[in-house]
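Biologist: I would like to examine one part of a model closely, namely the place where side chains of opposite charge pair, together with its surroundings. Please look at the sequence and the structure below.

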Amino acid sequence: MEKFIAGLAAGAVLGALWVANSNRTRTLVQKGQEELKERMDAYIDEKLSQMEEGGAKKK
């Protein structure tokens, strides 16, 4: 069991180093983050406009 845990920890460290040093992987992660930010901004803008329309109708 101890060998398994040590192997798992070593694999996690090596995997993190590989991802950190891989330009292609880093670019894919950054692209995914940008897409997520754009989607969240669009969602927030949509919700804000719905709230403003709802507030205007109540007055």
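How many salt bridges does the count come to in this protein? Please describe where the pairing lies and what surrounds it.

Modeller: The model is predicted, so local features need pLDDT of at least 70 and side-chain atom pairs count only at pLDDT 80 or more, while totals for chains, interfaces and linings use all residues. Residues are numbered from 1 along each chain as its sequence is written, and side-chain values use heavy atoms, with hydrogens and water left out.

The count comes to one salt bridge, meaning a side-chain nitrogen of Lys or Arg within 4 Å of a carboxyl oxygen of Asp or Glu. The partners are Lys37 and Glu34, whose closest N and O atoms are 3.9 Å apart. Side chains of opposite charge can pair when their charged atoms come close. Lys37 and Glu34 are three residues apart in helix 2 (residues 23-58), and therefore about one helical turn separates them. Glu34 has a relative accessible area of 41% and is partly exposed; buried means under 20%, exposed over 50% and partly exposed in between, with a 1.4 Å probe and protein chains only.

Next in sequence comes Glu35, which is also found in helix 2 and is partly exposed, at 36% relative accessibility. Glu35 joins Glu38, Asp41 and Asp45 in a negative surface patch. Patch members have over 30% relative accessible area and no salt bridge, like charges being joined within 9 Å and nonpolar side chains (Val, Leu, Ile, Met, Phe, Trp, Tyr) within 5 Å. Asp and Glu count as negative, Lys and Arg as positive, and His and the chain ends are not counted; a charge is placed at NZ of Lys, CZ of Arg, CG of Asp or CD of Glu.

A nonpolar surface patch is formed by Leu36, Met40, Tyr43, Ile44, Leu48 and Met51, which together have about 620 Å² of accessible area, computed by the Shrake-Rupley method with a 1.4 Å probe and only the protein chains shown as cover. Within this patch, Met40 lies in helix 2 and is partly exposed at 41%. Ile44, likewise placed in helix 2, is partly exposed with a relative accessible area of 42%. From Ile44 to Gly55, 11 residues along the chain, the C-alpha separation is 16 Å.

Glu35 can also be related to the other helix. Asn21 belongs to helix 1 (residues 2-21) and is exposed, with a relative accessible area of 61%. The C-alpha atoms of Asn21 and Glu35 are 22 Å apart, with their positions 14 residues apart along the chain.

In the protein overall, there are two helices and zero strands, taken as DSSP runs numbered from the N terminus (helices H or I, at least four residues; strands E, at least two). The protein is more spread out than a compact globule, because its radius of gyration is 22 Å, well over the 10 Å that the globule rule gives for 59 residues. This radius is taken over C-alpha atoms, and the rule is 2.2 Å times the number of residues to the power 0.38. The C-alpha trace spans about 70 × 30 × 10 Å along its principal axes, and buried residues make up 3% of the 59 residues.
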